[in-house]
Structures are given as C-alpha cells and as structure tokens.
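Reader: I have a model open and want to understand its strands. Can you take me through some of them?

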Amino acid sequence: MLLLGCIKEVSDYELVISLPNGLTGFVPVTQISDTYSKMLSEQVAQGELLEDLNSLSDMYSPGTLVRCIITSIEKSADGRRSIKLSIDPKKVNNGLNTSALVSGMLLSGFVSSVEDHGYIIDIGISGTHAFLPRQKAQNYIKAIKRGSDLKIGQNLNCVIVEVKNEGRVVRLSIDRSEVAASLATEQQNWTLSNLLPGLVVKARVQKVSPLGIKLSFLSSFTGIVDFMHMNPEKSMNYSPDQVVKACILSIHPTSKVVRLTLRPAFLHPGGSPNQLSSDRVGAVVEESTVKAFYKQFGAIFEFDDGTLALARSKHLSKTRKSFKPAAFRTGCKHKCRIIDYSLMDEMYIVSLKYKVIEARFLQYQDIHTGDVVQGKVFAFKSIGMHVKVTDGIKGLVPSLHLADVILKQPEKKYNIGDEVKCRVLECNPAGKKLILTLKKSLVQSKLPVLSSYEDAKPGLITHGFVVCARDFGCIVKFYNDVKGLVPKNELSSEPISCPDKVFYGGQVLKVMVLKCEPKQERLLLSFRLSSKPALEDKKECSPKTMQDVKYQIGEMVDVKVLKKKDNGLEVSILEDEGHVVAWIPTAHLSDFVVNCKLLWHCLQEGDVLPRVMCLSDKGERIILSRKSAVISAVQEEQVVRSFSEIQPGMLLTGYVRNVMPFGVFVEFPFGVTGLAPKVSMSDKFVTDTKDHFVVGQTVIAKVMSIDEEKQRVLLNLKVSECSSGDSAAESFALLNQYFKEMKEIRNLLRRREESSMAQALCELVPGKQLQLVVQDVEDDGSARLSGTCVTGLTVTATRYHLGDKSIVSGEKTKAVVLHVDALTSKVYVSLREELLRKRPKQVCVRGSQRTPSTLPSCST
C-alpha cells in the first residue's frame with residue numbers, strides 16, 4: 001500500500017513517520033535507497049566512517065512529507081502492531097516505466113551521485129537516467145539551509161522538465177515554485193497501477209456525507225475524503241459538482257481505493273502540514289469542546305486556542321458499557337489528556353479515560369532516573385527481561401539486575417504478566433531507552449540517587465552495584481551510567497588480596513565518595529564508610545607504613561613470619577627492625593605449586609625466611625616473592641619494566657595471574673601482563689584450560705605480538721616454543737631447586753613434628769630403596785604395601801610399576817621411592833627391576849627430569 005507520510009522523528013537508525021488517521025510507521029535506515037544501503041554496507045565492511053555517508057539527521061527533519069510503501073506489519077510481544085515502511089524509489093515508483101514518463105510529472109527521487117554540473121537522481125525506474133542540473137537545485141538548497149550541496153541519500157520531490165530518447169533520459173527540477181505549481185493532469189496518462197500519493201489533482205465532488213466526501217478526478221478515478229481530512233473551515237459547505245483541489249493520501253493495491261485530503265497544507269506539493277508541538281503531549285486539558293461525534297470512530301474536540309484533537313472510541317470511556325453517546329453532543333465539554341499527535345491529520349490525539357488522565361507516566365519524558373515504577377513482565381530475552389510500564393513505555397531489566405543475586409533461569413522466578421516493582425537506572429527519551437533494576441537493595445534504598453558526576457560530592461554515601469572486581473579494586477556503577485573506582489586499599493578495613501573472590505558482579509553495596517572530577521568523569525570511592533583514610537586505622541599496630549618506607553622491586557630482604565592466613569603469610573621485614581609488615585601470597589612461596597602448599601603447611605609464626613624479593617609496593621602493603629625463577633630473571637635483568645620495552649620473540653619469566661576458559665593471563669615483574677590464548681597454551685590439544693594451569697604457577701612465556709594502541713600482549717606457553725637453547729642445564733637447575741626446597745621442607749618437618757609418621761616422611765627421598773611387605777592387590781592392578789620404615793603412611797605401586805612381577809598378599813619385596821606427598825602422607829614406589837638396579841642418585845634425576853620449557857607444568 002502506498003501512502004503519503006510526514007516525518008515525525010529522526011534517529012540514527014530509522015525515521016518515524018506520521019501516517020493518515022493517527023497511525024505511525026517506521027522506515028529503517030536500510031530502506032532509504034539502494035545507493036545509501038550500499039554505502040552503509042561498505043562502511044560496516046571497512047569498519048571506518050565514509051566521508052560521503054551522511055546520517056539520517058543530516059538529511060531529514062521533522063515535518064517533511066515523503067512517499068512510503070508498506071513493506072510489512074509486524075506484531076510485537078505485547079500484541080501491538082508495528083508498520084514497517086520503505087521510501088526507496090524502486091519500491092514507491094514500481095508501477096512506472098520509461099514509456100509512462102512525461103513532462104510535468106511529480107515523482108520521488110534520491111540523490112545517488114554528486115557531479116560537477118548537477119546530480120544523478122535515482123527515481124527507481126530501470127533503464128532511465130535522471131539528471132538534476134545544478135541551477136535547478138539552487139533555490140531549494142538555499143531554502144533548506146543544509147549546506148551548499150545536496151547529499152547522497154537525500155529524498156527529493158522532483159518535477160520532470162524534459163523527457164528524451166523515449167524516457168531513457170529525463171531532466172528534473174526541484175525548484176520550489178515549479179514543484180508547488182505541479183498539478184497531475186489527464187495528459188500525463190496516470191493509471192491506477194502507477195498513481196502516486198502526494199499528487200495534487202483537480203477533483204469534482206460527487207457525494208457528501210457526515211463521514212466524508214466522494215470525489216472524481218482525472219476523468220476516470222474516484223476517491224474518498226474522510227471527515228478528518230476535509231478542510232475544517234469548509235467542512236459543512238461542500239456540495240455535489242463542486243470543483244476542489246485535493247491531494248492523494250493513499251492507494252490500496254488490491255481494492256484500488258484512493259483516499260485524498262482537502263486540507264490546505266497538502267494542496268501545494270513540497271509543502272508541509274502545520275507543525276504540532278510534542279511539548280504538549282502529556283498535558284491535561286481541563287475543558288475541550290466536542291466539535292463532531294462519529295459513532296464508529298470517535299469524537300473531534302476543539303481546544304480554546306482552536307487546535308483540533310481526536311479521541312478514538314476506545315478512549316471516550318472506561319468501558320463500552322459505561323459509554324453515553326448523549327455526553328458527546330456538539331458543544332459538550334470534557335476533561336482530557338493529550339497522549340500523542342498526528343502531523344498528517346494536523347490533530348492531537350487525546351484520551352478521556354480517567355486512568356490515562358491520572359497516570360503518573362505517559363511518555364518516556366515523564367520518567368526520571370531513580371523513579372520507582374510498576375510494570376508487567378511481557379517477554380524474556382537473552383539480555384534480560386522486558387517490562388511494560390504503560391502501553392507506550394517499555395523497559396529492559398538486564399540479566400544482572402533481575403535480583404540481588406544472579407538468576408540463571410529467571411523464568412522460574414517471574415511469569416509473563418507478573419506485576420513487578422522496579423527502579424529506573426537510566427532513561428533516554430530520544431532513543432526510547434529505559435533500563436530498570438529489580439534488585440531490592442536498590443529499589444528500597446532510601447539513600448540519595450547518584451545520577452551525575454556533578455552530584456558526587458566528597459562524603460556522599462549511597463548505594464551502588466559492582467560491575468567487576470580486579471586486582472586493583474572494584475568498578476562500581478550508579479545511575480545514568482555513572483561509575484567509579486574503589487581502589488584495593490579502600491575495599492575493607494582488613495587487607496583483601498583477591499578482590500574477585502570477595503566481590504562479584506551485580507553485588508549491591510554502600511559506598512562513600514572520596515573524590516570526583518566531573519569534567520574527566522573520574523570518581524574515587526570507598527567501601528570503608530568512614531572519613532578516615534584506610535592507613536590511619538592501622539597507626540596503632542603499624543609504627544611504620546609504606547608512606548614511611550619504600551622498597552624497590554627486586555630488592556632482597558629477610559623476613560619473619562607474623563601470621564598464617566588462608567591465602568598467604570603476613571611477615572615483617574627484619575631490615576627495618578621488623579616494623580614494616582609485608583605479605584607473601586601462598587603461590588609465591590615457590591616456583592612449584594606443590595611445594596607452595598607444603599611450605600605454607602610447614603612454616604610457623606616466628607620462622608625466618610631469608611632472601612625474599614620485593615615484587616610490588618603498590619596498594620596498601622608490600623608484596624614479596626620466593627619464586628627462584630622470578631628472582632633470577634629480575635637479578636639478571638631478563639625482565640621488562642614497561643610496555644614500551646616489550647619486543648616480539650622475547651622469553652620472559654612470570655606467573656599465572658588468572659585462568660579463563662579462553663586462555664591464561666600471565667603477569668611479569670614490574671606489573672606488565674599478557675594473554676596466552678587457548679591455542680597457544682600447550683603443544684597438546686586444550687579442552688579445559690584449568691587442566692593445564694593454576695593461578696600462581698611459574699611460567700616461561702614467549703612474546704608473540706603486541707598491540708601498542710590497546711596496550712595488549714599476546715603470549716605463547718607451548719613447550720616447543722619456550723626453550724632458550726641450553727635446555728639440559730636449565731632442566732638440572734630447575735631440578736636442583738626443587739630438591740633443595742624439598743630438603744628445606746624435610747628439615748622443617750623434623751623440627752616441628754615428633755610423630756613416627758612425620759619422622760618417616762622426613763627420611764624418605766626419591767630413589768631410596770625400601771624393604772616392604774605386600775598388603776593387598778587392588779582391582780585396578782595396583783598394590784598397597786607396608787613396612788616398619790613407613791609406619792602410618794599409605795604406600796602404593798601402580799600396575800605399571802609392578803613390572804612383570806606376579807605378587808600376592810604377605811610377600812616381601814624390594815621397592816624404590818618415586819614420590820613422597822607429605823600433605824597426604826602418601827608414598828609412591830616402584831618394584832621394577834630396571835629401577836631397583838640403578839643408583840639412588842640416578843633414579844632421582846631420571847625419574848623427575850624436565851626441560852626448561854616445561855617450567856609451566858613443573859608443579860603438576
């Protein structure tokens with residue numbers, strides 16, 4: 001169906017079109033013209049803005065008349081219909097061909113190319129080349145004041161000035177006086193198949209009725225003018241055979257019904273209807289006078305200033321039963337509320353319903369950030385839940401905001417049609433965007449709403465929600481996308497080494513504003529709801545703080561264990577008389593993850609650890625490390641101190657900071673971090689990243705590439721890629737360090753533990769030969785053994801390590817120690833003859849050897 005419409009709103013992605021009889025349609029950005037769509041596709045493919053591609057707002061403005069064709073009528077989740085339109089000339093002018101083109105015709109066209117002497121215009125007719133000379137466009141360009149040139153994709157009302165070569169070449173004009181004087185005539189050979197909306201014709205009145213007028217025009221055509229499109233000043237003065245000027249509004253493709261308008265604003269092509277102000281939408285009119293009543297359609301009202309308004313039948317009363325026709329006689333007065341406006345009908349749309357008049361919200365402009373609103377659940381999407389606040393206002397509750405905790409299956413908590421109480425996080429009336437939250441902590445909060453950086457005054461306490469937790473602290477968000485940082489030292493009065501294990505996305509917390517820079521949109525926050533800085537609280541127990549003493553990264557210190565905590569050791573630095581408190585995370589007690597756990601278990605308060613390296617002095621406390629590989633890298637200057645020093649191909653020693661499904665983040669001394677993607681983690685196929693690496697694990701990484709703009713580093717952890725050359729020497733150095741630490745652990749156990757089991761553990765080393773007795777043979781082929789030298793320990797030989805021996809319970813046998821797990825008191829042995837014949841020293845080395853590039857997995 002072809003219609004004449006008027007642009008009501010312009011956004012980045014669509015035109016909102018006012019259609020006759022109070023309807024509204026939408027033209028997507030892809031339905032402007034072929035040329036414009038191709039440019040859009042090119043811009044998307046290139047990923048950068050095209051100089052010649054103008055936005056819709058650069059080319060279109062409210063109040064402009066356009067010819068449209070309905071492409072589809074879509075039904076939304078709440079049952080409302082949405083009319084999708086196109087203004088593409090190929091679709092609008094589809095009924096025309098080259099032979100039908102004659103001088104004087106008024107057509108729609110789009111600028112497809114800007115040339116030296118004029119413009120190539122796309123009129124959508126195959127085989128026709130349309131040209132607009134520059135001189136025929138100058139008056140129009142000056143009048144619209146949108147630059148010195150027409151823009152590609154711009155819609156134009158064009159008059160055909162000249163037709164050549166049987167319609168293959170036409171010359172056009174968009175001169176405002178020529179367009180305004182254009183009149184469709186019989187000589188132009190219009191037919192029902194190519195008749196266009198927007199044509200102005202001379203017509204003859206055939207019949208007059210209360211609901212409209214029947215007209216004849218262009219000799220053989222008939223059409224209808226409904227009551228809304230009669231000239232308001234002459235609506236009662238039309239008579240049969242009267243000749244009038246009329247404009248075609250719509251042509252129905254199947255019924256061939258043509259509708260026209262007699263309103264003066266449409267009787268000159270290129271004009272525009274009277275502009276109604278959207279500012280009045282939502283206003284309550286205390287007295288509006290009934291001008292006419294139509295039982296099937298509704299009533300026309302007149303305001304005190306002469307403005308007309310339409311109330312459809314369903315908006316005249318609460319229900320059909322309560323409707324009283326006598327109350328709508330001409331001259332009766334009613335209270336109503338303006339709910340919309342129709343540019344094409346030059347009328348406001350009003351409602352007399354009490355619930356509409358008293359409604360708190362009528363349009364998006366009525367809603368403010370922080371408002372608490374009632375709504376109904378009407379749809380579930382992957383991004384969240386849609387809520388209908390009113391018939392015309394809908395909002396989205398993102399998945400993060402469906403409850404105080406994350407809901408994996410929100411449809412189990414909410415049902416379609418449920419009434420919900422929400423709070424407005426963000427409202428953008430121009431984009432009709434409404435973001436809501438269902439978190440009770442926010443909905444019921446009595447604290448001030450922080451919706452702008454200007455409102456963030458130091459000392460303000462309010463509610464916010466955590467967006468993410470990182471090593472440096474937490475990002476917290478408020479209303480209208482205002483967000484700020486809670487640094488690590490302001491997370492709690494107690495030190496928090498891993499914020500991501502304490503805080504989670506969506507968590508609602510009270511925060512206090514410490515500092516705000518509105519122009520830079522920077523906000524510093526604290527979870528410590530006290531005016532005192534974090535460090536002041538520790539003055540009594542910490543005579544010296546980090547502000548008093550500074551340690552350089554790489555500096556070696558001796559420390560004494562003060563306190564054992566679940567994730568590390570709190571120590572004092574002896575060089576400063578023990579007055580400076582520092583922290584050794586459990587993962588930094590050794591290069592080997594197993595040894596980390598053993599050392600943490602064996603160390604006690606008061607133990608002294610020599611030669612520990614300062615790894616970081618940022619934040620609230622100094623972080624130390626005992627990783628020998630990391631210490632060696634720093635001391636031998638095989639490190640990068642900043643992003644600018646990184647070069648592809650470098651081999652760097654670091655430690656796993658985080659293990660994600662898509663890869664591993666590695667941190668190096670001095671704070672530089674990089675990502676090893678899943679495909680670059682191992683020479684073996686990686687199914688689950690957690691099967692290959694753990695947080696804190698020491699690794700050697702090769703730099704694959706760097707992105708200076710985004711400050712990103714891509715790494716490779718494959719064994720085959722991370723060898724530096726002398727692999728044998730590095731392997732033995734690594735083994736030497738492992739056994740050195742094992743010896744340290746055994747010494748700690750000897751000093752601490754007095755039980756026979758502990759003493760037995762201390763005496764057992766890989767390669768030591770034992771005399772044991774077979775206790776039992778398991779179903780999987782492994783054997784459990786015992787002996788006086790392993791009292792209280794679980795001794796196991798796997799099926800492979802039984803060799804060719806066929807053993808039975810009670811049999812005495814020799815075995816060699818392969819591995820001792822001190823944490824679980826388990827000993828793994830072998831009965832294989834080839835291992836029993838080896839010297840103990842050789843057994844130790846050959847049973848544990850690893851190349852240096854296997855350092856990432858040395859702790860497994």
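Reader: In what order do the 5 strands close into a barrel?
Author: This is a predicted model. In it, 5 strands form a closed barrel, and their pairing is mixed. Neighbouring strands of this sheet are turned against each other by 55° on average, direction ignored. The barrel order is E31-E32-E33-E35-E34.

Reader: Which residue of E32 is the bridge partner of lysine 560?
Author: Strand E31 covers residues 556-565, and strand E32 covers residues 568-573. The two run antiparallel, joined by 6 bridges. Lysine 560 has its bridge partner in E32, and that partner is serine 572.

Reader: At about what angle to E34 does helix H9 run?
Author: Helix H9 spans residues 628-635. It lies across E31, strand E34 (608-616) and strand E35 (622-625). Its angle to E34 is about 60°.

Reader: Which residue of E10 is the bridge partner of alanine 130?
Author: Strands of a sheet can pair parallel or antiparallel, through backbone hydrogen bonds. Strand E8 (residues 129-133) and strand E10 (residues 169-173) run parallel, with 3 bridges between them. In E10, alanine 130 is partnered by valine 170.

Reader: And which residue of E10 is the bridge partner of valine 163?
Author: Strand E9 (residues 155-164) pairs with E10 in the antiparallel sense, over 5 bridges. For valine 163, the bridge partner in E10 is valine 170.

Reader: Which residue takes a positive phi in the hairpin of E9 and E10?
Author: This hairpin has 4 residues between the strands. The phi in question is near 50°. The residue that takes it is asparagine 165.

Note on methods. Residues numbered from 1 in each chain as written. Predicted model: local features only at pLDDT ≥ 70, side-chain atom pairs only at ≥ 80, totals over all residues. Heavy atoms only, no water. Pairing = 2+ DSSP bridges. Axes fitted to C-alpha atoms, helices over the stretch in contact; angles between N-to-C directions. Contact = heavy atoms within 4.5 Å.
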